[in-house]
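Please walk me through this protein model, from its overall fold to its core, its pockets and its backbone.

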Amino acid sequence: MLGLVGESGSGKSTTGRAIAGLQKVSGGSLNVLGMEMNGVKERDFKPKRADIGFVFQDPGILVQPADDHRRERGRTAARAPQVRVP
């Protein structure tokens, strides 16, 4: 499993398309499931494509657990006994 994250315009979609063999790799090196994608022929890669899947997510889904954790820590602190020093 691979997670691809980055700012807008950083090349996530281009990289994803190259991984899926939907866009030709024009330089460098990209190895996907044991195949070098730079120069690969469509007919050679097509059988491997069945082993690749994508899950697109709303970035908010990634932030939600962190927000929940912060809120829970706030509730825990609020329930903690108050110590007062005279």
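The paragraphs below take the chain as a whole, then its core, its pockets and one loop residue.

The model is a predicted one. Its protein chain holds three helices and two strands, and from the N terminus on these elements follow the order α-β-β-α-α. The chain has 86 residues, of which 12% are buried. Contacts between residues at least 6 apart in sequence include a 20% share that joins residues at least 24 apart. The accessible surface amounts to about 7,400 Å², and carbon and sulfur atoms account for 55% of that area.

Next comes the interior. The largest nonpolar core consists of seven residues, namely Ala18, Ile19, Val25, Val32, Met35, Met37 and Phe45. Phe45 can serve as a point of entry to this core. Leaving aside residues up to four places away in sequence, Phe45 touches Ile19, Ala20, Gly21, Val32, Met35, Met37, Val40 and Ile52. Of these partners, Ile19, Val32, Met35 and Met37 are themselves members of the largest nonpolar core.

The pockets can be taken in order of size. The largest pocket has a volume of about 1,000 Å³. Its lining comprises 24 residues, and those closest to the centre are Leu2, Gly3, Leu4, Phe54 and Val55. Two elements, α1 (12-19) and α3 (59-79), each give two or more residues to this lining. Helix α1 supplies the largest share, with five residues. By class, the lining of the largest pocket contains 15 nonpolar, six polar and three charged residues.

The second largest pocket encloses about 190 Å³. It is lined by Gly21, Leu22, Gln23, Lys24, Val25, Met37, Gly39, Val40, Lys41, Glu42 and Phe45. Five of these residues are nonpolar, three are polar and three are charged. Val25, Met37 and Phe45 link this pocket to the interior described above, since they belong both to its lining and to the largest nonpolar core.

The last stop is the backbone between the two strands. Which residue lies in the loop between β1 (31-32) and β2 (35-36) and deserves a separate look? That loop is the place of Leu33, whose phi is near 50°. The value is positive, and the residue is not glycine. Most residues other than glycine have a negative phi. As for its surroundings, Leu33 has a relative accessibility of 42%; it therefore counts as partly exposed, because that class lies between the 20% limit for buried and the 50% limit for exposed residues.

Definitions and conventions: Residues numbered from 1 in each chain as written. Predicted model: local features only at pLDDT ≥ 70, side-chain atom pairs only at ≥ 80, totals over all residues. Heavy atoms only, no water. Helix = DSSP H or I, 4+ residues; strand = E, 2+ residues; numbered from the N terminus. Buried < 20%, exposed > 50% of the residue type's maximum accessible area, 1.4 Å probe, protein only. Contact = heavy atoms within 4.5 Å. Areas by Shrake-Rupley, 256 points an atom, 1.4 Å probe, with all protein chains shown as cover. Core = buried A, V, L, I, M, F, W, Y, C linked by side-chain atoms within 4.5 Å. 1 Å grid on protein atoms, 1.4 Å probe; cavity = no way out; pocket = protein on both sides within 12 Å on 5 of 7 lines; lining within 4 Å. Points joined across faces, edges and corners; volume = space filled by probe spheres on them. Nonpolar A, V, L, I, M, F, W, Y, C, P; charged D, E, K, R; others polar.
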